[in-house]
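Here are a few short exercises to work through with the model open on your screen. Try each task before you read its solution.

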Amino acid sequence: MVYFSSYWESSILLRKFDFIVLGAGLIGKQIAIKIKTKYPKSRIALVDRSPISYGASTRNAGFACFGSVSEIIDDFKRSPQSEVAELAAKRFNGIVKLVEDFGADNIGYRNTGSYEIYTDKIEYNDALNHFETINQMLSDVAGIDTAFRWQNVQSMKMKCLPDALFNPYEGMLNSGMLNEVVNEKAHQLGIIPLYGLNIKHIQKIQNAYQISDENGMTLTCDQLIIATNAFTTELMPELDIVPARGQIVLTKPLDHLPFDGIFHSDKGYIYFRNLDGRILLGGARNHFEEQEETHDFNGLDNVQQYLINYLSEVILPGRNFEIESAWSGIMAMGKEKVPIVKRMDDHLLVCVRMSGMGVALGPVLSDEILSLIS
Ligand SMILES: Cc1cc2nc3c(=O)[nH]c(=O)nc-3n(C[C@H](O)[C@H](O)[C@H](O)COP(=O)(O)OP(=O)(O)OC[C@H]3O[C@@H](n4cnc5c(N)ncnc54)[C@H](O)[C@@H]3O)c2cc1C
């Protein structure tokens with residue numbers, strides 16, 4: 001199909017926008033909300049190829065977390081301590097703001113706390129050696145009082161070392177509810193949803209940007225904000241972004257679960273939680289790195305089998321369970337584990353590469369974009 005615009009479309013419906021936010025995941029939507037709240041008279045379009053967003057925001061595990069001890073130790077190997085600390089503080093503040101902005105009940109948020117369990121003695125000893133330093137770091141940068149403390153988890157009947165690190169500040173949310181309430185807010189504010197447009201080109205024209213979809217429908221705006229996360233390389237190949245598929249399996253409801261909370265293991269690569277009487281378990285992409293560096297949502301059996309084995313060997317040893325469903329989402333990684341939030345030129349900004357942390361970072365990064373516009 002080739003798109004030919006009518007007079008009504010070009011003169012009214014698709015006339016120049018003040019702002020276009022490309023990508024209607026949690027990041028794009030929160031950016032559009034912040035801009036419209038600050039500039040209520042502005043004309044803002046939220047553009048996406050999918051009716052309900054199709055990336056990571058509607059497909060994650062619903063964790064409200066800011067980093068386990070083994071994840072933070074792993075981050076120290078790649079980035080200076082000050083950067084790791086700043087990122088953890090942003091994630092912590094982001095979760096607080098998310099709950100404030102949208103309301104705990106509206107997003108299904110529960111402050112259950114989190115546990116990092118250990119199946120590996122070396123990782124456990126590493127955590128033992130570092131957790132006090134990390135507590136001090138988080139206290140200094142974010143005012144968090146004793147983020148991690150040891151707790152015996154034998155009553156949870158998992159096959160792991162008896163002591164886990166408990167963090168009382170983390171919790172779980174309902175990702176479906178979160179996306180819905182953010183959508184509602186965007187629509188209430190009068191942000192114009194233009195969903196179903198698979199944007200293939202962005203182009204700078206005099207004092208404006210144009211974006212066009214595969215059928216040639218073209219929109220023009222004064223300020224373009226790109227929030228397409230893992231899919232940004234198709235439009236801006238110069239950015240350091242690689243896709244990372246995250247796979248999830250969900251069990252059928254189980255009779256009795258001896259735990260309530262979110263769980264981390266293996267440097268944050270394994271994560272699980274209870275969800276409506278079921279267990280949701282995801283991750284393990286570190287064991288299949290090359291294969292999972294993809295934009296393809298169609299997950300592969302070997303990762304699912306790894307997760308199922310983890311369920312039967314570690315989480316539910318000796319218990320029967322059945323898998324109800326499985327899905328995947330696509331995250332954006334790069335050499336550095338920090339998002340790219342910057343102004344590219346007078347009419348173009350980007351807020352991408354969430355490095356698997358966009359649920360927590362959304363409220364803070366959308367403020368950062370707002371400050372770059374103001
Ligand atoms: C399995 C899994 C577990 C996760 N766990 C956590 C966690 O514990 N904590 C945490 O904070 N975060 C977590 N995340 C990451 C979090 O979900 C993401 O960082 C966040 O959702 C990214 O939001 P986004 O809006 O930047 O990107 P996305 O949600 O990917 O949205 C990008 C949007 O852009 C649209 N788009 C892309 N290209 C185009 C185009 N050319 N034209 C039109 N539209 C386009 C897509 O359709 C999509 O809707 C997890 C993610 C996954 C997959």
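**Exercise 1: the two sides of a helix**

On the other side of H8 from its buried residues, Asp301, Gln305 and Asn309 are exposed. Before going on, note that this is a predicted model, where local features need pLDDT of at least 70 and side-chain atom pairs count only at pLDDT 80 or more, while totals for chains, interfaces and linings use all residues. Residues are numbered from 1 along each chain as its sequence is written.

Task: which residues of H8 are buried, and what covers them?

Step 1. Get the terms straight: a residue is buried if 20 or more other C-beta atoms lie within 10 Å of its own, exposed if 12 or fewer, and partly exposed in between, with C-beta atoms placed from the backbone. Helices (H or I, at least four residues) and strands (E, at least two) are DSSP runs, numbered from the N terminus.

Step 2. Find the helix: H8 covers residues 301-315, 15 residues in total, and spans 20 Å from first C-alpha to last. That's close to the 21 Å expected at 1.5 Å a residue, the expected span being 1.5 Å times one less than the number of residues.

Step 3. Pick out the buried ones: Val303, Leu307, Tyr310 and Ile315. They sit on the same side of H8 because they cover an arc of only 60° around the axis, taken from the directions from the helix axis to the C-beta atoms.

Step 4. Look at the cover, which includes strands E12 (242-251), E14 (270-275) and E15 (278-283). Contact here means that two C-beta atoms, placed from the backbone, lie within 7 Å.

**Exercise 2: around the ligand**

Task: between which domains does the ligand lie?

Step 1. Split the chain: domain 1 is 7-58 + 177-240 + 338-373, domain 2 is 68-172 and domain 3 is 242-333. These bounds come from an automatic or database domain assignment.

Step 2. Check the shell, where a residue counts as near if its C-beta atom, placed from the backbone, lies within 6 Å. Of its 40 residues, Gly25, Gly55, Gly246, Gly329 and Gly358 come nearest to the ligand.

Step 3. See which elements supply at least two shell residues each: helix H2 (26-38), strand E2 (44-48), E12, strand E16 (323-333) and helix H9 (358-373).

Step 4. Conclude: domain 1 and domain 3 both give residues to the shell, so the ligand lies between them.

**Exercise 3: domain 2 meets domain 3**

Task: how many residues of domain 2 are in contact with domain 3?

Step 1. Start with the C-alpha centres of the two domains, which lie 19 Å apart.

Step 2. Count the contacts: 20 residues of domain 2 touch 15 of domain 3. On the domain 2 side, helix H3 (69-78), strand E4 (114-116) and strand E7 (171-172) give two or more residues each.

**Exercise 4: one residue and two odd phi values**

Task: where is Ile33, and what is it in contact with?

Step 1. Ile33 is found in helix H2, and counts as buried because it has 22 C-beta neighbours inside 10 Å.

Step 2. Setting aside neighbours within four places in sequence, Ile33 is in contact with Lys185, Ala186 and Leu189.

Task: what is the phi of Ser53 and of Lys267?

Step 1. Recall that most residues other than glycine have a negative phi.

Step 2. Ser53, in the loop between E2 and strand E3 (63-64), has a positive phi of about 80°.

Step 3. Lys267, in the loop between strand E13 (262-265) and E14, has a positive phi near 60°.
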